[in-house]
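Please open the model in your viewer and keep the sequence panel beside it. The stops below go from the whole chain to its interior, and then out to the surface.

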Amino acid sequence: MLDMKFIRENLDEAERRLQSRGGGPYLDGIKELDEKRRNLLYENETLKAERNRVSDEIAKVKDKSLVQQQIQDMRAVSQRIKEQDEELKQLDEELQLFLLTVPNLPDPSTPVGASEVDNVEVRSWGSPRQFSFAAKPHWEIGETLGILDFERGAKLTGARFTLYRGAGARMERALISFMLDLHTGQHGYEEVLPPFMVNRESMTGTGQLPKFEDDLFKIADPEYFLIPTAEVPVTNIHRGEILKKIDLPIRYAAYSPCFRREAGSYGKDTRGLIRQHQFNKVELVKFAHPSESAAELEKLTLDAEKVLQLLELPYRVMALCSGDIGFSAAKTYDIEVWLPGQSCYREISSCSSFGDFQARRASIRFREEEKSKPEFVHTINGSGLAVGRTLVAILENGQQEDGTVVIPKALRPYMGGLERIR
RNA sequence: GGAGAGAUGGCCGAGUAGGUCGAAGGCGCUCGCCUGCUAAGCGAGUAUACUGGGAAACCGGUAUCGAGGGUUCGAAUCCCUCUCUCUCCGCCA
């Protein structure tokens, strides 16, 4: 969430930057709401100060019959305070809800644009392999090899659920281990394994709630939400905490399944593993000093890219434009892997910096100096990588004319030495 | 699921016949003094949020003793609801 003080003092600038996302106006009426609240707050606190003062006087008098008038007066004052408290609570909630539904300001380095066509390619790695035959999409490869069973997945649960079998299941597990080992062993992340269900506060802390409840799977009683990404529990690890400056940046790598309703994506990517209600992901999360967050985003993106390089999968890195970045993000790089079976690049990782947007919601802070006031940290996260989509890329890039799939060398130790799925 | 105990400041821990308690004391930490180093000792300071004033240093107000509500002129203290933690039983991977 944005800083109300900042909005108050830079209303036009904030509105302008928000509108680069498209849509708006975003901040209409917030100024009036804020002023109304502060005026009432001042009145209310003045009355409370008077009550406190008179109550202290009453306390000093032994014979309460001498202060009956004051007690009477304060009874009325208390009544008034109570009414104001009620009104104030309404205003607070209204303002809070307003602030919680305003997206983050795009970072100045985020290219301005209306939609994904305005995203900017930053770099690419590897070159798409030339096929001497017609490359197949992964769902055909997987079904033929008997390692992806879409029909039974649908039987067990419904559309967008898949049963992995044999070498497919093994590869999914291998990829998780491979990625975690790389990030913890080479890139300095601490491995964490969080709960896969979280409460409302955690979902609000990272920005999924209150605005995107429809995108989440929810347990009714008790009210828990299935995480749409490990970003949620992992970022909330430090919710409400004041971190030590010398501990920054804190880096976590977490595997988790992710659960998404995919509301609004009906008809898109209906075949294959690309868009599932449940998928696996290894997530990278950082808590950084504000002065380091830009560099930490660059490093985190490179950490994610390393996975693709080791797996020999061609990709490109796109800087998302202002119209395409997510609600909480200030800046985002998408890593897109080449899928020859579909002749296109598909997102396999999304790496974002959030500035203090999440940290303010979740109250995650640090002190610049021992005695200075706490300031908000910056949060950064990205997929390192989406596991299912990595498996898709391996199947499509590694397919052979005879229908078998060559497993990248780096992954073979995790597959019991298996070189080829046949 | 059943029974019981608990939740106070960075930590430990007082405080329950309601008022002078943002909260004793200790530890830790910061600054200063002292000491030939270290340790000890002495003195001062040491929460957060919102908010008013101020260029700032800073000064003032309000709130916060798990959360929410109630009683009262006044609640850490009394009443109600909820959450979480711990112990025991049950159940289970």
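What follows is a tour of a predicted model, with a selection to make at each stop.

**The whole chain**

Begin by selecting chain A as a C-alpha trace, which spans about 100 × 45 × 45 Å along its principal axes. Switching to a cartoon brings up twelve helices and 18 strands. If you colour the 422 residues of chain A by burial, 48% of them count as buried. Of the contacts in chain A between residues at least 6 apart in sequence, 73% join residues that lie at least 24 apart. With a surface display turned on, the accessible area of chain A comes to about 20600 Å², and carbon and sulfur atoms account for 48% of it.

**The interior**

In soluble globular proteins, nonpolar side chains tend to be buried together. Next, select M171, L175 and L411, which are the residues with the most contacts inside the largest nonpolar core, a set of 50 residues. Adding helix α7, residues 166-185, shows the element that supplies the largest share of this core, namely eight residues. Which residues does M171 touch, if those up to four places away in sequence are not counted? Display L391, I394, I407, L411, M415 and I421 around M171 to see them.

A second core, separate from the one just visited, has 21 residues, and selecting I7, L33, V102 and F357 will show some of its members.

**Helix α3 and R51**

Now move to helix α3, residues 30-60, and pick out R51 within it. Is R51 buried, exposed or partly exposed? Its relative accessible area is 25%, and because partly exposed covers the range between under 20% for buried and over 50% for exposed, R51 counts as partly exposed. Showing the side chains of M74, V77, S78 and I81 displays the residues in contact with R51, once its neighbours within four places in sequence are left aside. To gain a sense of distance, draw a line from the C-alpha atom of R51 to that of S127: these residues are 76 apart along the chain, and their C-alpha atoms are separated by 75 Å.

**A nonpolar patch on the surface**

For the last stop, select M197, I219 and Y224, which form a nonpolar patch on the surface with about 250 Å² of accessible area together. Within this patch, I219 can be located in strand β6, residues 218-219, and I219 is partly exposed, with a relative accessible area of 31%.

Note on methods
Residues are numbered from 1 along each chain as its sequence is written. Chains are lettered from A and ligands numbered from 1 in the order in which they are written. This is a predicted model: local features need pLDDT of at least 70, side-chain atom pairs count only at pLDDT 80 or more; totals for chains, interfaces and linings use all residues. Side-chain values use heavy atoms; hydrogens and water are left out. Patches are made of residues with over 30% relative accessible area and no salt bridge: like charges are joined within 9 Å, nonpolar side chains (Val, Leu, Ile, Met, Phe, Trp, Tyr) within 5 Å. Accessible areas come from the Shrake-Rupley method with a 1.4 Å probe; for residues, only the protein chains shown count as cover. A salt bridge is a side-chain nitrogen of Lys or Arg within 4 Å of a carboxyl oxygen of Asp or Glu. Helices (H or I, at least four residues) and strands (E, at least two) are DSSP runs, numbered from the N terminus. Buried means under 20% relative accessible area, exposed over 50%, partly exposed in between (1.4 Å probe, protein chains only). Contact means heavy atoms within 4.5 Å. A nonpolar core is a set of buried Ala, Val, Leu, Ile, Met, Phe, Trp, Tyr and Cys residues joined through side-chain atoms within 4.5 Å.
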